[in-house]
Amino acid sequence: MKRKINLVYTDGSHPYHTPSTKDSIYYGYHLIDSDEKEFTYTTSMNKSKYNDLFNNKNDVNSSIAELLAIHCFLSQLDSSDQNTILQDYHIFTDSEHCFHLLNRDSDRLYKKSSLLQREVIKLLKELRDKNCVVEIMWVESHKENWGNLFIDYELTKSRGSNKVISIEKKKNFRLKQILFEDYLLNTHNIEYSSFLEKLLKQKYYKFGNRKMSSNNFAFRLVEAFSNDRKLVHKFMEEYF
């Protein structure tokens with residue numbers, strides 16, 4: 001039986017982003033499941049509570065907020081039912097630092113890591129031991145990536161910031177994605193989740209004169225489809 005692939009976009013905001021909420025860490029995730037249903041979860045934690053829970057004696061920064069978001073999702077996933085666990089999860093973070101932290105040699109660095117990082121690594125191991133496939137991936141922030149933009153938007157709203165970005169552009173992108181999904185299914189008989197799974201097996205693609213990561217390239221294809229379908233069709237014929 002083919003395994004289901006779920007996309008998870010995490011984000012975190014450290015206390016200094018908004019003066020009125022400087023004592024709280026905001027974090028959460030946006031899940032797009034294998035049936036294309038979407039779910040958002042956001043929460044916050046007082047800085048002093050975090051320091052007590054994770055024995056932290058250093059400043060709270062954006063990497064800690066991002067790790068909290070990943071830890072939050074993994075904890076909820078670990079307590080889920082068996083059917084939910086026996087699926088694939090691609091977790092996208094826009095923090096290059098967290099991406100590298102969690103993709104290094106975990107055993108070698110485990111003892112030198114912060115308690116929060118060790119807890120995240122422990123959860124990843126426990127889930128993988130249960131035959132849950134979890135991959136930590138990096139996505140460039142503030143680009144036309146629906147999941148990343150959406151959780152950033154929701155987190156900004158939850159902080160009560162008056163600088164919430166417009167999501168009209170994001171909504172337009174979702175409409176383009178629906179059209180692209182319809183094209184994939186009717187022209188190439190492939191669902192978007194399967195298309196993404198195959199696309200992500202290759203790390204980089206060339207788009208015009210630019211070389212870009214596969215996850216960014218996927219969203220660039222959606223954009224290109226609405227402007228130059230012949231170019232997209234040529235790519236699909238070549239790779240799929």
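Helices (H or I, at least four residues) and strands (E, at least two) are DSSP runs, numbered from the N terminus. Asp78, a later stop on this tour, is found in helix 2.

**Before you start**

This is a predicted model, in which local features need pLDDT of at least 70 and side-chain atom pairs count only at pLDDT 80 or more, while totals for chains, interfaces and linings use all residues. Residues are numbered from 1 along each chain as its sequence is written, and side-chain values use heavy atoms, with hydrogens and water left out.

**Whole chain**

Show everything as cartoon. The secondary structure comes to 11 helices and seven strands. Now colour by accessibility. Buried means under 20% relative accessible area, exposed means over 50%, and partly exposed is in between (1.4 Å probe, protein chains only). Of the 240 residues in the protein, 50% are buried. Next, turn on contacts, meaning heavy atoms within 4.5 Å. Among contacts with a separation of 6 or more, 62% join residues 24 or more positions apart.

**Stop 1: helix 2 against helix 6**

Select helix 2 (residues 62–78) and helix 6 (115–129). Fit the axes as lines through C-alpha atoms, over the stretch in contact for helices, with angles from 0 to 180 degrees between N-to-C directions. The two axes come within 10 Å and cross at roughly 30°. Angles under 35 degrees count as roughly parallel, over 145 as roughly antiparallel, 65 to 115 as roughly perpendicular and the rest as oblique. Helix 2 and helix 6 are therefore roughly parallel to each other.

Now the handedness. A crossing is left-handed if the near helix is turned anticlockwise from the far one by less than a right angle, and right-handed if clockwise. Helix 2 passes helix 6 in a left-handed crossing. Show side chains at the contact. Helix 2 brings Ile64, Leu67, Leu68, Ile70, His71, Leu74, Ser75, Leu77 and Asp78. Helix 6 answers with Leu116, Glu119, Val120, Leu123, Leu124, Glu126 and Leu127.

Colour these by class. Ala, Val, Leu, Ile, Met, Phe, Trp, Tyr, Cys and Pro count as nonpolar, Asp, Glu, Lys and Arg as charged, and the others, Gly among them, as polar. The contact of helix 2 with helix 6 has 11 nonpolar, two polar and three charged residues.

**Stop 2: Asp78**

Stay on helix 2 and centre on Asp78. Asp78 counts as buried, at 18% relative accessibility. Leaving aside neighbours within four places in sequence, Asp78 is in contact with Ile85, Leu123, Glu126, Leu127 and Lys130. Draw a distance to Leu124. The C-alpha atoms of Asp78 and Leu124 are separated by 9.1 Å, with their positions 46 residues apart along the chain.

**Stop 3: helix 2 against helix 4**

Add helix 4 (residues 96–103). The axes of helix 2 and helix 4 come within 9 Å and cross at roughly 60°. That makes helix 2 oblique to helix 4. This crossing is right-handed. Select Ser63, Glu66, Leu67 and Ile70 on helix 2, then His97, Cys98, Leu101 and Leu102 on helix 4; these make the contact. They divide into five nonpolar, two polar and one charged.

**Stop 4: Thr84**

Move to helix 3 (residues 82–85), the place of Thr84. Thr84 counts as partly exposed, at 25% relative accessibility. Not counting residues up to four places away in sequence, Thr84 touches Leu77 and Tyr89. Pick Lys4 as well. Thr84 and Lys4 are 80 residues apart in sequence and 9.4 Å apart in space, C-alpha to C-alpha.

**Stop 5: aromatic rings**

Show Phe, Tyr and Trp side chains. Rings (the six-membered one for Trp) pair if their centres lie within 6.5 Å; planes under 30 degrees apart count as stacked, over 60 as edge-to-face and the rest as tilted. The structure holds eight aromatic pairs. Zoom to Phe180 and Phe195. Their ring centres are 5.5 Å apart and their planes at 75°, so the pair is edge-to-face. Phe180 lies in helix 8 (residues 168–188) and Phe195 in helix 9 (residues 192–199), so the pair ties together parts that are 15 residues apart in sequence. Both Phe180 and Phe195 are buried. Then select Tyr29, Phe39, Tyr41, Phe73 and Tyr89, which ring pairs link into a cluster.

**Stop 6: two positive phi values**

Most residues other than glycine have a negative phi. Select Asn55, in the loop between helix 1 (47–53) and helix 2. Phi of Asn55 is near 50°, a positive value. Asn55 counts as exposed, at 55% relative accessibility. Finish at Asn131, in the loop between helix 6 and strand 5 (133–138). Phi of Asn131 is near 70°, also positive. Asn131 is partly exposed, with a relative accessible area of 44%.
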